[in-house]
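Biologist: I've got a model open and I'd like to talk through how its chains fit together. Can you pull it up so we're both looking at it?

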Amino acid sequence: MPHSLLTPLAHHAQDLLSAVRRDAPLVQCLTNFVSMNYAANAVLAIGASPAMVHAEEEAPEFAGFAGAVVINIGTLSSPWLQSMLLTAKAAADADTPWVLDPVAHHATAFRRDAIQRLLDLKPAIIRGNASEIIALAGGLSAGKGVDARDAVAHAEQSARDIATQRQTVVAVTGETDYVTDGARAVHITGGSPLMPRVTATGCALSAVVGAFAAVSRNDAFAAAVAALSCFGIAGQRAALHADGPGSFAWRFLDALAALEADCLTRESPLR
Amino acid sequence: MPHSLLTPLAHHAQDLLSAVRRDAPLVQCLTNFVSMNYAANAVLAIGASPAMVHAEEEAPEFAGFAGAVVINIGTLSSPWLQSMLLTAKAAADADTPWVLDPVAHHATAFRRDAIQRLLDLKPAIIRGNASEIIALAGGLSAGKGVDARDAVAHAEQSARDIATQRQTVVAVTGETDYVTDGARAVHITGGSPLMPRVTATGCALSAVVGAFAAVSRNDAFAAAVAALSCFGIAGQRAALHADGPGSFAWRFLDALAALEADCLTRESPLR
Amino acid sequence: MPHSLLTPLAHHAQDLLSAVRRDAPLVQCLTNFVSMNYAANAVLAIGASPAMVHAEEEAPEFAGFAGAVVINIGTLSSPWLQSMLLTAKAAADADTPWVLDPVAHHATAFRRDAIQRLLDLKPAIIRGNASEIIALAGGLSAGKGVDARDAVAHAEQSARDIATQRQTVVAVTGETDYVTDGARAVHITGGSPLMPRVTATGCALSAVVGAFAAVSRNDAFAAAVAALSCFGIAGQRAALHADGPGSFAWRFLDALAALEADCLTRESPLR
């Protein structure tokens, strides 16, 4: 993205982080069992209020007053899928933005079917790794499990295709991230090689994307960019003193909580 | 509470912590997915033995030989509620004390109904934040999600009302905690502003309340006071060297494990 | 085991750790809610790729292309048991090795029945604490919950009996571990008294055993020995600077990730 466009985007990100801290939006997560604790802690660290509410009996109702909804299929089962479909629909009906994290959606027939039904319910933002985004666009990815085995650069065309066809924002995360709404696109640097070695960092990011979506209802692209920028800077800072994935995990939460809003302009990771 | 009553209560707390460490009581938890790991670690750190046994097929049977049962509705669903009701009943039938953590019980119709059915099964102790306790007494709370938006002081009358009407002990946690059985009441200081920024600290506390209830079958008030005192002191100590919520979380577990029993009298947080 | 046999076994363990790091095998875990995050992080730390895929709709299919399957009954329920049975069968049919962690299998009638049905599906390796292994062989154990209350030495005969009768490998973990396939047997030292004070370390070990089983399809005994050796050395190292269970938990993940393969021969914990 040309520099003349990056600067306003970085300022927008800074404003959005201040808004998250001021409003502490309620972020409803229907996420996987592996990530629930870490995602909730990341949402708290960034300044928002997480609510892991998943049951069919209440999740759609909750979506009516949540600031945003995050749906992650990491440990999918039929009852959870049923609730996810009803909650995504309720979110769409209430104009609550919702974020889709299509974890390993290409691994099994059950997931491949589930993800198509979720996509039809119009997520505001899709956040995945390169393998997931390539497979989502119908391409042949190298990944089988939850870990990415493709480079982000190979997923950019897939991301633009999905964004255009589905009128959504697609965020591909990896060594350098890529966010696009089909028209606009930006790269986000930072982070650390330790991030993919800590489980649930991607899921935690999707939850934090939800926090920003809640305070940026008219601009999902800016929300995704701001969330990924925070992760980029906090990841880089946490890695400075980490001795491995165990110490990185908690240092990263400390770094998220300590982010001063103007780091998003002073140390902007946008390219 | 007058000083003449605080001193024996602090000594009682000290004796109960020694008893938990000596007996390592089995604490059965039907708790939410977010808190399971952290609550189990807190129960281990205080010296007891956690058992996350939730299924209808076995949870009621398990309640027959557990030292205490803890029921937390954080990530409620119909099958879990069914099991919680059967297990609470089995606990009551076996004279096993059980602790209720009414997480966000006022958020949805499903929860509002569930909590009334659980309350009727006579919990020995109810542990919640101010918003939850106010709503439990029928008051209008400012909270919608899992985080408290009311001050503990505003929940004291509600706590006394519930304790009296339900013949139970109510513990309201926040900046300064409040515990009452309707007749007696005490404030507990300590802790840290970082505690509400770490997810599941409240749930972990409810689980640790269960550990104390198991060794104090005739005095649930003393059990709640002892558990909250441990959290108050350990929270204060952990915060001394924490740089944020990530480092607070594990330092708090270290501090719980390192509590020497006589800190409960030497540094008593009771007021 | 005589020293002449220990040395080749230690070299084998070293080769297997290198193979795990090189191949990053996909380890499918149907494990309990308490351990999911920590087990996934341990599998990542050792260099493999965890996938927590549990639903009946996809878990058996996934077992067809996973490197190994790990089944842990910690938070069992009927739908999960049904899926575990189908997945264990699918793993056996696909010649995918699977590991059984019989958490507290002797605590309730539901578990006692479940474990017999799982055992009949021929796990390659069974990993449990002394109380669990004694009870598995029909003996009278002192444990009731998830924590061991028997010494490993008292479980050795039980382990040999199960290994011989079931043609499997049995790993009993405790202060000093014991692994046997009925014919061979070895002790593994190391670790730390802090390990049983951190929840899910045993479950994480079972998941890491799965990672080694995936790269040692013809020798499950060697796989179990290698995994336990890694835990022994990493546990000892992590304890050096830990101040309690909270700091041990993340230091242990750092230590697992930092293991250089030749520590398994230079500091071999095999006896």
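Biologist: Let's start with chain B and chain C: how many residues of each are in contact?

Modeller: Keep in mind that this is a predicted model. Contact here means heavy atoms within 4.5 Å. On that basis, the chain C side has 30 residues, and the chain B side has 26.

Biologist: What area is buried between chain B and chain C, and which residues of chain B lose the most?

Modeller: Carbon and sulfur atoms give 57% of the area buried there, and the total is about 2,200 Å². Three residues of chain B together account for 22% of what that side buries. The ones losing the most area to chain C are B:Leu44, B:Glu58 and B:Asp254.

Biologist: Which side chains meet in a salt bridge between chain B and chain C?

Modeller: The rule finds 1 salt bridge across that interface. Its N to O distance is 2.7 Å, and a salt bridge needs to be within 4 Å, so the pair qualifies. The partners are B:Glu58 and C:Arg111.

Biologist: And polar contacts there? Which element of chain B gives the largest share of the side that touches chain C?

Modeller: The interface of chain B and chain C has 10 residue pairs in polar contact, both residues at pLDDT 80 or more. On the chain B side, the elements giving two or more residues are α2 (36-46), β2 (49-51), α3 (59-63) and α10 (245-258). The largest share, 6 residues, comes from α2(B).

Biologist: By class, what does that side of chain B have?

Modeller: This is the side of chain B that touches chain C. Sorted by class, its residues are 4 charged, 5 polar and 17 nonpolar.

Biologist: Now the other neighbour. Which side chains form the salt bridge between chain B and chain A?

Modeller: Here 30 residues of chain B are in contact with 26 of chain A, and the two chains bury about 2,200 Å² between them, 57% of it on carbon and sulfur atoms. The count is 1 salt bridge. At 2.7 Å, N to O, the partners are B:Arg111 and A:Glu58.

Biologist: Which elements of chain B give two or more residues to the side that touches chain A?

Modeller: The rule finds 10 residue pairs in polar contact across the interface of chain B and chain A. By class, the chain B side has 13 nonpolar, 10 polar and 7 charged residues. The elements that give two or more residues to it are α5 (109-119) and α10 of chain B.

Biologist: What kind of axis relates chain B to chain A?

Modeller: Chain B can be laid on chain A by a turn of 120° with a shift of 0.0 Å along the axis, at an RMSD of 0.0 Å. That relation is the one given by a three-fold axis.

Biologist: Which residue of chain B has the C-alpha nearest the axis?

Modeller: In chain B, that C-alpha is 3.8 Å from the axis. As for surfaces, the copies use different ones, and 7% of the contact residues of chain B recur in chain A. The residue you asked for is B:Phe33.

Biologist: Last one: for "binding site", which residues does UniProt list?

Modeller: The listing comes from an unreviewed UniProt entry. Its positions are spread over 47 residues of sequence, yet they cluster in space, with a largest C-alpha distance of 7.5 Å. One of them lies in strand β5 (residues 125-129) of chain A. The residues listed are A:Arg127 and A:Thr173.

Terms used: Residues are numbered from 1 along each chain as its sequence is written. Chains are lettered from A and ligands numbered from 1 in the order in which they are written. This is a predicted model: local features need pLDDT of at least 70, side-chain atom pairs count only at pLDDT 80 or more; totals for chains, interfaces and linings use all residues. Side-chain values use heavy atoms; hydrogens and water are left out. Buried area is the accessible area (1.4 Å probe) that two parts lose on being put together, summed over both. A polar contact is a pair of N or O atoms within 3.5 Å; within protein, one must be able to donate a hydrogen and the other to accept it, and residues adjacent in sequence count only if both atoms are side-chain atoms. Helices (H or I, at least four residues) and strands (E, at least two) are DSSP runs, numbered from the N terminus. Ala, Val, Leu, Ile, Met, Phe, Trp, Tyr, Cys and Pro count as nonpolar, Asp, Glu, Lys and Arg as charged, and the others, Gly among them, as polar. Copies are superposed by least squares on the C-alpha atoms of residues with pLDDT of at least 70 in both. UniProt positions are given in the numbering used here, feature names are shortened, and annotations may be inferred rather than shown by experiment.
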